[in-house]
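Biologist: Hi, got a minute to go through this one with me? I have some questions as we look.

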Amino acid sequence: MSPKETTSTGRSRAGGVFTPGRIAIGVVAILLLVFIFENTRDVRIRLLIPEVTMPLYLALLATALLGAICGYYAAARRRK
């Protein structure tokens, strides 16, 4: 039976929408967003040479997005 075929109950053998891994990633993402948006004070950040002042939540959000992009890229390279 291929992964796209269904069982006698009509469910896909590949798994449902709410797998344990997806639930864990969802919980971590929600906790990350709560942490990011709770930290709203301004901070000074040095970007190589210039020093900028910005809300901490923007710096954390940018870091999380860059980490997600790097993780996606690494996972995509591993699949090839």
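Biologist: What share of the 80 residues counts as buried?
Modeller: In this predicted model, 5% of the 80 residues of the protein chain count as buried.

Biologist: And how much surface does the protein chain expose?
Modeller: About 7200 Å², with carbon and sulfur atoms supplying 66% of that area.

Biologist: Okay, back to basics. Which elements does the chain have, from the N terminus on?
Modeller: The order is α-β-β-α, so to speak a list of two helices and two strands.

Biologist: What about contacts that join residues at least 24 apart?
Modeller: Taking contacts between residues at least 6 apart in sequence, 17% of them join residues at least 24 apart.

Biologist: Let's talk pockets. What volume does the largest pocket have?
Modeller: Its volume is about 180 Å³. Helix H1 (20-38) and helix H2 (56-79) are the elements that give two or more residues to its lining.

Biologist: Which of them gives the most to the lining?
Modeller: That's H1, with six residues.

Biologist: Can you name some lining residues for me?
Modeller: Sure. Among them are Ile25, Val28, Leu32 and Ile36, along with Leu61, Ala64 and Ala68.

Biologist: How does the lining split into nonpolar, polar and charged residues?
Modeller: There are 10 nonpolar residues in the lining of the largest pocket, and no polar or charged ones.

Biologist: Switching topic: how many aromatic pairs does the structure hold?
Modeller: One. It is made by phenylalanine 37 and tyrosine 57, whose ring centres are 5.7 Å apart.

Biologist: Why is that pair called tilted?
Modeller: Because the ring planes of phenylalanine 37 and tyrosine 57 stand at 45 degrees, while stacked needs under 30 degrees and edge-to-face over 60.

Biologist: Where in the chain do the two partners sit?
Modeller: Phenylalanine 37 is in helix H1 and tyrosine 57 in helix H2, 20 residues apart, and the pair links distant parts of the chain.

Biologist: Is phenylalanine 37 buried, exposed or partly exposed?
Modeller: Partly exposed, because its relative accessibility is 44%. Tyrosine 57 also counts as partly exposed, at 26%.

Biologist: Last one: what's up with the phi of leucine 48?
Modeller: Phi of leucine 48 is near 60 degrees, which is a positive value in a residue other than glycine.

Biologist: Where does leucine 48 lie, and is leucine 48 buried or exposed?
Modeller: Leucine 48 lies in the loop between strand E1 (42-46) and strand E2 (51-55). With a relative accessible area of 82%, leucine 48 is exposed.

Definitions and conventions. Residues are numbered from 1 along each chain as its sequence is written. This is a predicted model: local features need pLDDT of at least 70, side-chain atom pairs count only at pLDDT 80 or more; totals for chains, interfaces and linings use all residues. Side-chain values use heavy atoms; hydrogens and water are left out. On a 1 Å grid over the protein atoms alone, a cavity is a set of points where a 1.4 Å probe fits but cannot get out, and a pocket is an open set with protein on both sides within 12 Å along at least five of seven lines; lining residues have an atom within 4 Å of a point. Grid points are joined across faces, edges and corners, and a volume is the space filled by probe spheres set on the points. Helices (H or I, at least four residues) and strands (E, at least two) are DSSP runs, numbered from the N terminus. Ala, Val, Leu, Ile, Met, Phe, Trp, Tyr, Cys and Pro count as nonpolar, Asp, Glu, Lys and Arg as charged, and the others, Gly among them, as polar. Buried means under 20% relative accessible area, exposed over 50%, partly exposed in between (1.4 Å probe, protein chains only). Contact means heavy atoms within 4.5 Å. Accessible areas come from the Shrake-Rupley method with a 1.4 Å probe; for residues, only the protein chains shown count as cover. Rings of Phe, Tyr and Trp (its six-membered ring) pair if their centres lie within 6.5 Å; planes under 30 degrees apart count as stacked, over 60 as edge-to-face and the rest as tilted.
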